[in-house]
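Let's take a walk through this structure together, from helix pairs to cores to a few loop residues. Have the model open beside you as you read.

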Amino acid sequence: FLVDDADKLKVHGKFDYAFAIEVLPHLHDPANFYRRISRLIKPGGRFAISDWFKDTNLTRQQYKKYIKPINFGMMVSLSTPGDYMDYLTKNGFRIVSWNDLNPFVRKTWDIGSKLIMKPALWKFAREHNRHFVNFLNAFRAMRKGFSSGAFRYGVIIAEKV
């Protein structure tokens, strides 16, 4: 089991399996990451992505209302499942499955919303860093985006051809 920086993969070799959990929206150079991960997976090997996604075909209003606040507060750039699948297929992978996990993670957003309601947390955030306040506000945006369907959570599994 190896852990590496997705923006600066230093690991070498060939692997049967790799997975990325909630990291890909933070990448500075996604195209480079997918080229690199493709070189690391053996033919027939699998790569799994478990992450946040923006829904496909959002209107400008939906993007502005639901996704932009998440991108800003979480310092990410959300992509659609199709965007990830395009990167994968362009780099020698075949999509095995896409599973929308929204019905299974619904409770997560309720728990997270309760956790950030504590006044002491907001006081601490305001006293320390505006980015921390933005981060807490993004949790509210994530719950709204999730409720609207504009924000998704899912898993993509791809096989190296």
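What follows is a guided tour of a predicted model, beginning with one helix and its surroundings.

A good place to start is helix H1, residues 30-40, which packs against helix H3, residues 81-90. Their axes lie 9 Å apart, and the angle between them is about 45 degrees. Because angles between 35 and 65 degrees fall outside the parallel and perpendicular ranges, H1 is oblique to H3. The handedness of this crossing is right-handed. If you zoom in on the contact, you will find Pro30, Ala31 and Tyr34 on the H1 side, facing Tyr84, Tyr87 and Leu88 from H3. What classes of residue make up the contact of H1 with H3? There are 6 nonpolar residues, with no polar and no charged ones.

Now stay with H1 and look at its buried residues, which are Phe33, Tyr34, Arg36, Ile37, Ser38 and Leu40. They pack against S1, S2, H3, S4 and strand S3, the last of these spanning residues 93-100. Tyr34 is a handy one to click on. Setting aside neighbours within four places in sequence, Tyr34 is in contact with Leu24, Phe47, Ile49, Tyr84, Tyr87, Leu88 and Asn91.

That brings us to the largest nonpolar core, which has 21 residues. Which of them touch the most other members? They are Leu24, Phe33, Tyr34, Ile37, Phe47, Ile49 and Leu88. Several elements contribute: strand S1 (15-21), H1, strand S2 (41-54), H3 and strand S4 (151-160) each supply at least two residues of this core. As a general point, nonpolar side chains in soluble globular proteins tend to be buried together. Apart from the largest core lies another one, of 16 residues, and its members include Met74, Trp109, Ala138 and Met142.

Met74, Ala138 and Met142 also turn up in our next stop, where helices H2 and H6 meet. H2 covers residues 60-74 and H6 covers residues 130-148. The two pack with their axes 8 Å apart, at an angle of about 150 degrees. Since an angle over 145 degrees counts as roughly antiparallel, that is how H2 and H6 are described relative to each other. Their crossing is left-handed. From H2, the contact takes in Tyr66, Pro69, Ile70, Phe72, Gly73 and Met74. H6 meets them with Asn134, Phe135, Ala138, Phe139, Ala141, Met142, Lys144, Gly145 and Ser148. Sorted by class, this contact has 10 nonpolar, 4 polar and 1 charged residues.

Let's finish in the loops. Between H2 and H3 sits Thr80. Is Thr80 buried or exposed? Its relative accessible area is 12%, and because buried means under 20%, Thr80 counts as buried. Leaving out its neighbours within four places in sequence, Thr80 is in contact with Phe53, Lys54, Asp55 and Thr56.

The loop between H2 and H3 also holds Met75. Although Met75 is not a glycine, it has a positive phi of about 55 degrees. With a relative accessibility of 58%, Met75 counts as exposed. Asn57, which lies in the loop between S2 and H2, likewise has a positive phi, of about 60 degrees, without being a glycine. Asn57 is exposed, with a relative accessible area of 70%.

Notes. Residues are numbered from 1 along each chain as its sequence is written. This is a predicted model: local features need pLDDT of at least 70, side-chain atom pairs count only at pLDDT 80 or more; totals for chains, interfaces and linings use all residues. Side-chain values use heavy atoms; hydrogens and water are left out. Axes are lines fitted to C-alpha atoms, for helices over the stretch in contact, and angles run from 0 to 180 degrees between N-to-C directions. Helices (H or I, at least four residues) and strands (E, at least two) are DSSP runs, numbered from the N terminus. Angles under 35 degrees count as roughly parallel, over 145 as roughly antiparallel, 65 to 115 as roughly perpendicular and the rest as oblique. A crossing is left-handed if the near helix is turned anticlockwise from the far one by less than a right angle, and right-handed if clockwise. Contact means heavy atoms within 4.5 Å. Ala, Val, Leu, Ile, Met, Phe, Trp, Tyr, Cys and Pro count as nonpolar, Asp, Glu, Lys and Arg as charged, and the others, Gly among them, as polar. A nonpolar core is a set of buried Ala, Val, Leu, Ile, Met, Phe, Trp, Tyr and Cys residues joined through side-chain atoms within 4.5 Å. Buried means under 20% relative accessible area, exposed over 50%, partly exposed in between (1.4 Å probe, protein chains only).
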